[in-house]
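Open the model in your viewer and keep the sequence panel beside it. Each stop below says what to select and what is there.

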Amino acid sequence: MGPMAARKSEKPTSVQDLQEAPRRRRSVACLDTEGLRRLEESFRRWVDAFSTHRPARLRIFLLYLLIHQSGAKLNEVLQLNTSQDIDWNARCLYFRTARHGRNASFRVVDVSRYGLEAIRAVVEALIRTGHLEEHLDVDAPFVRRKFYERAEACGFSRRWAHLK
């Protein structure tokens, strides 16, 4: 019997089987406060390292801050409209799940005062240099690669920068 057949026979066949099935716990690794501080500082040093690449690096740093402060997935953040989906007064971000006129739906994520101030500082720097566009159209694999580089620069393994 191959591995596929074994998996099929292990599937619950009734509601009762499903309720009685043991729940698998997956341990989730995450950075502590000090690790997050080191990672953010690594991004800040990286942004300031080369003035000729500063706008592009600011955009990557903005993506990091948006993910870190909201807990959103990379693809959700890449779809944000910077002029509509950041509410500075209410201190929240709107992640749209459907963008069809009146039928648009979204979820609201509150952001801390510190988080919003950090995001605002980067957004204002991009506006001053003329490099802020409504959509943060950056190639997701490129962003992942830059996140991995920053994690490794802090001495963390790539799994700490894992993005979905």
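Buried means under 20% relative accessible area, and exposed means over 50%. With that cut-off, select α6 in this predicted model: Gly115, Leu116, Ala118, Ile119, Val122, Val123, Ala125 and Leu126 are buried.

**Stop 1: α6**

Stay on α6. The helix has 16 residues. From first C-alpha to last it reaches 22 Å, close to the 22 Å expected at 1.5 Å a residue. Now show what surrounds the buried residues of α6: the cover includes α3, α4 and β1. Step just past the end of α6 to Gly130, where phi is positive, at about 75°.

**Stop 2: the whole chain**

Zoom out. Colour by secondary structure and you should find 7 helices and 3 strands. What is the order of the elements from the N terminus on? They run α-α-α-α-α-β-β-β-α-α.

Now colour by burial. Of the 164 residues, 36% count as buried. The protein exposes about 11,200 Å², and carbon and sulfur atoms supply 50% of that area. Take the contacts between residues at least 6 apart in sequence: 56% of them join residues at least 24 apart.

**Stop 3: α3**

Select residues 33-49, which form helix α3. α3 has 17 residues. Its first and last C-alpha atoms are 24 Å apart, close to the 24 Å expected at 1.5 Å a residue.

Which residues of α3 are buried? Pick Gly35, Leu39, Glu40, Ser42, Phe43, Trp46 and Val47. They lie on the same side of α3, because they cover an arc of only 150° around the axis. Look down the helix axis to check this. An α-helix has 3.6 residues a turn, so residues three or four places apart point the same way.

Rotate to the face turned away from the buried side. The exposed residues there are Thr33, Arg45 and Asp48. Turn back to the buried side and add its cover, which includes α4 (54-70), α6 (113-128) and α7 (140-153).

**Stop 4: the nonpolar core**

Keep Phe43 selected. Set aside its neighbours within four places in sequence, and Phe43 is in contact with Ile60, Phe61, Tyr64, Phe147 and Arg150.

Widen the selection to the largest nonpolar core, which holds 39 residues. Which members touch the most others? They are Phe43, Ile60, Leu62, Leu63, Leu66, Val77 and Phe147. The elements giving two or more residues to this core are α3, α4, α5, β2, α6 and α7. Helix α4 makes the largest contribution, 9 residues.

**Stop 5: salt bridges**

Switch to charged side chains. How many salt bridges are counted? The count comes to 7. Three are worth a look here.

Begin on α3 with Glu41 and Arg45. Their closest N and O atoms are 4.0 Å apart. The two residues are separated by about one helical turn, because they are 4 residues apart in α3. Glu41 is partly exposed, at 33% relative accessibility.

Go on to Asp48 and Arg54, which form a salt bridge with an N to O distance of 2.7 Å. Asp48 is exposed, with a relative accessible area of 54%. Arg54 is partly exposed, at 32%.

Next, select Asp85 and Arg96. This salt bridge has an N to O distance of 2.8 Å. The pair links distant parts of the chain, 11 residues apart. Asp85 sits in the loop between α5 (74-78) and β1 (86-87), while Arg96 belongs to strand β2 (residues 92-98). Are these two residues buried or exposed? Asp85 is buried, with a relative accessible area of 0%. Arg96 is partly exposed, at 22%.

**Stop 6: a backbone detail**

Finish at Arg91, in the loop between β1 and β2. Most residues other than glycine have a negative phi. Arg91 has a positive phi of about 55°, although it is not a glycine. Its side chain can be shown in the same view: Arg91 counts as partly exposed, at 31% relative accessibility.

Conventions: Residues are numbered from 1 along each chain as its sequence is written. This is a predicted model: local features need pLDDT of at least 70, side-chain atom pairs count only at pLDDT 80 or more; totals for chains, interfaces and linings use all residues. Side-chain values use heavy atoms; hydrogens and water are left out. Buried means under 20% relative accessible area, exposed over 50%, partly exposed in between (1.4 Å probe, protein chains only). The expected span of a helix is 1.5 Å times one less than its number of residues. The arc is that of the directions from the helix axis to the C-beta atoms. Contact means heavy atoms within 4.5 Å. A nonpolar core is a set of buried Ala, Val, Leu, Ile, Met, Phe, Trp, Tyr and Cys residues joined through side-chain atoms within 4.5 Å. Accessible areas come from the Shrake-Rupley method with a 1.4 Å probe; for residues, only the protein chains shown count as cover.
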